[in-house]
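These are my notebook entries on a single protein chain. I set down what I looked up, in the order in which I looked.

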Amino acid sequence: MVAVGKLITQAGSTCRFPNGNITATMKVRIGVVEEGDPGCAGTCADHDLSKFFNLILLPEIPVLNQWKVHDNQVKLSWQPSKSQSQVLYAVQYKKIYSQNWTNAIYEIQTLSCSIDIDDVCVDHHFRVIAINRHGSRGFSNYTYISASAFNLAAVSNVTFVGRGIYYYPGTHEFMAVIQWDRLPGWDTPSDMVDYQWNETPSMFCSKKLTNIMPIFERGSNTSSAAYRRVLMHIHADAFGCLYQGQVRAVTKCGLQGPWTNFTLDLRDCHNIFNFPCVAATFSSPGNVENVSLCVEYGGVNSSMLIRLQWDAPTYLGSMGVIESYIIRWGPVVLQNFPEPPIFTDQVPRSVSVKADIREVDVPVGYDDMSALYGFQVVPIAPQQRIRDNGWGLFQVYTVQISSDSNISPSGTVLLDEAGVRVVQIPNALSVDMMWQPRTMLQSPSSSSACREHYSIQLGRIIRDEESRAHLTDTTVQYVEGHDLVLDLQYVGAEYGFRIRSVDVNETVSDEVWNKTALHIFTLVGDHSSTDTGSSDMITLLIVALAIVMVSVVLAGAVWIRKKLRRRKLLPHLHGQLGVDANNYQLFHTQSSMSSMITPAVVPDMWELPHSGIKVGPILGQGAFGLVTKGRISGHLLTNRNIPLPQEVQREGTEISVAIKMLKGKTVSYYYRFMLINVQHIWR
């Protein structure tokens, strides 16, 4: 065995190699041996080559005379080594900044080889050694290959995905996904090569002047190499133009391949999927705008509603008028982008509405709650007809109807139907009512079809002789959201409720309530706990009764104190006042005070009889007078031609006023001050 650098040769097969080996037909082994290897002790590392063999028996050192680079692959060739016995060759390479050589090729008899380079951004050195059964003279001179020598091939097989170019009426754009084959020889690693495209392709428009350019976006990748797809979209006003695009490969260190051209032809409407081809003398109306879809509760026979709203198109077509709208709907399935959804029914359901209608409600049975629904809203001009194969030109708006229930609290489920669930809370006579929230296609306009407020009508259920359910003792609650907790009373009783989507402050009529689905459930309870807890109920009733009695006594004491205080402040009115139903004090009428002497004096316009005034609670007081709240007859002021303020608080036929009066036992000169104050107010 002979050691040459770190390469060794051996005629036998007794050495072990830590970094691999290759065996030739002559049983020559090539590998890396460490000093002191137990399998080759005293034979591989202790002696010089010249001590064992005659140099004449060793092959000449080969000469690297040619190299060639293709993609990320280096092809080396060398002159043959003269030798009296069979020669094998091995090739090593290393990065220019590294001290370690890498074994690339073992045991070859040819005079050339190809090596894949995993990092084309770094300069490399290459060398070759010739070996026969006697050993080797050593390595050849190394060859330097620069990173700039590597080259990239042109991108090939540039094609369009699916049906090519698509037209999307919703955005009035053409779209296409462009893809190409991966670059040969650059499969690994995936981050070595990428692709770029020319952002400003060449444009040819024979019949119009336009500066509309396509926009390219990086698309999804289906290979393990680099991104090989680009999404192109351009405004539909570019119809009639031809674009020449370009794409090329680049390495991570900036090495660029040649451009590959591809054509984007927008001159023929028949080559654009979904784009209508019409005669030049007629143009159909544009697309409807601000389309909104949502799912709502309501309707007859326990059905849900998909509410569809839209605005008229801005462009009315060559005829300048829309005669009607055709709405088509049904379950749909999604296709691979960019193909539009398709209806699962061979002939979708449809309806035609007048041109002044902007809203349609479509009932959906609860059996279809897991479906994806699609809608088309097509504006129709007078005498316009759409062929069976022409419906694919119009956009399909989709909305997902989900049957997933809300996360329910723990408890007994009393009702679970049609997207509505009622759960009784444990150890309580309370229920948690939940209903399915709406699914919206997009944020609607101010005239929203998808309202986020609900009105709940709740009551007891009674049944007639034919066991038909009727809702009685109803109450209505307004809810924001889709959850409501209620406290109920009667165990074993049937309760019912209805749910309506409403606008803010909207009132639902009885006719609409009667057409809304009625949900019925029975409140359950633990009867055994009712008997054992009867004593606790009696204790609670006694405590509640005591609290009520104490409250009544305190309220009476407060009322008597107010009466005594009022009587003290207004002793001159005592005996002349009665009390109305609202606890306002009023003066007795003339018939009830026949014993009182009334002077025959004609009053002024602003002088009002006491019988038309009611005295309420005291609002404030001063040194000699006080102000109370009061009411006066509106008819009395009208009959006296006294103008009323524009904003006045009314209580039926009466008007709320403030009454200023003197206290009892007032010094006489205070009366003069009172009259001056009244005259000042009147002026």
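**Entry 1. The chain as a whole.** I began with burial, for which I took a residue as buried when its relative accessible area is under 20%. By that criterion, 40% of the 683 residues of the protein chain count as buried. I note at the outset that the model is a predicted one. I then looked up the secondary structure and found five helices and 43 strands in the protein chain. I also checked the range of the contacts: among those with a separation of 6 or more, 63% are between residues 24 or more positions apart.

**Entry 2. The sheet β5-β6-β9.** I followed an open sheet of three strands, in the order β5-β6-β9 and with antiparallel pairing. β5 and β9 (112-116) are the edge strands; each has a single partner strand, so one side of each is left without a neighbour in the sheet. From one strand to the next, the twist averages 20 degrees.

I next examined the pairing of β5 (residues 64-70) with β6, where six bridges join the two antiparallel strands. Two of the pairs I recorded are V69 with V74 in β6 and W67 with L76 in β6. The β5 and β6 hairpin has two residues between the strands, and D71 takes a positive phi near 55 degrees there.

**Entry 3. S83.** I moved on to the loop between β6 (73-78) and β7 (88-95), where S83 lies. Is S83 buried, partly exposed or exposed? Its relative accessibility is 28%, and because the partly exposed class runs between 20% and 50%, S83 counts as partly exposed.

I then asked which residues S83 contacts beyond its neighbours within four places in sequence. They are L57, P59 and N132. P59 is 24 residues from S83 along the chain, yet the two C-alpha atoms are separated by 4.6 Å. With N132 I found a polar contact between side chains, at 3.0 Å. A polar atom of the S83 side chain also lies 3.0 Å from the backbone oxygen of S85.

**Entry 4. Nonpolar cores.** I looked up the largest nonpolar core and counted 29 residues in it; F174, I234, Y243 and L266 have the most contacts inside this core. Two or more residues each come from β13 (165-168), β14 (173-179), β15 (193-197), β18 (229-235), β19 (241-251) and β20 (260-265). Of these, β19 gives the most, with four residues.

I took I234 as a point of reference. Not counting residues up to four places away in sequence, I234 touches E173, F174, I212, M213, P214, Y243 and L266. A second, separate core has 23 residues, including V288, I322, V353 and Y397. I add the general remark that nonpolar side chains tend to be buried together in soluble globular proteins.

**Entry 5. Q376.** I turned to a polar residue, Q376, in strand β28 (residues 372-380). Is Q376 buried or exposed? Its relative accessible area is 2%, so Q376 is buried.

I wished to know where the polar side chain of Q376 finds its partners. One is the side chain of R328, joined to that of Q376 by a polar contact of 2.6 Å. Another is the backbone oxygen of F394, which the Q376 side chain reaches at 3.0 Å. Leaving out residues up to four places away in sequence, the residues that Q376 touches are I326, I327, R328, F343, W391, F394, Q395 and V396.

**Entry 6. The sheet β34-β33-β36-β37.** I traced another open sheet, this one of four strands in the order β34-β33-β36-β37, again with antiparallel pairing. β34 (469-480) and β37 (519-522) stand at its edges with a single partner strand each, and therefore one side of each has no neighbour in the sheet. Here the twist averages 25 degrees from one strand to the next. I looked more closely at β36 (residues 494-502) and β37, which pair in the antiparallel sense over four bridges. Within this pairing, Y495 stands opposite F521 in β37.

**Entry 7. Residues 537-560.** Last, I consulted the UniProt record, an unreviewed entry, which lists residues 537-560 under "transmembrane region". In the model this span is 100% helix and 0% strand, and its end C-alpha atoms lie 35 Å apart.

Methods: Residues numbered from 1 in each chain as written. Predicted model: local features only at pLDDT ≥ 70, side-chain atom pairs only at ≥ 80, totals over all residues. Heavy atoms only, no water. UniProt positions renumbered as here; feature names shortened; annotations may be inferred. Buried < 20%, exposed > 50% of the residue type's maximum accessible area, 1.4 Å probe, protein only. Contact = heavy atoms within 4.5 Å. Polar contact = N/O pair within 3.5 Å; in protein donor to acceptor, adjacent residues only side chain to side chain. Pairing = 2+ DSSP bridges. Core = buried A, V, L, I, M, F, W, Y, C linked by side-chain atoms within 4.5 Å. Axes fitted to C-alpha atoms, helices over the stretch in contact; angles between N-to-C directions.
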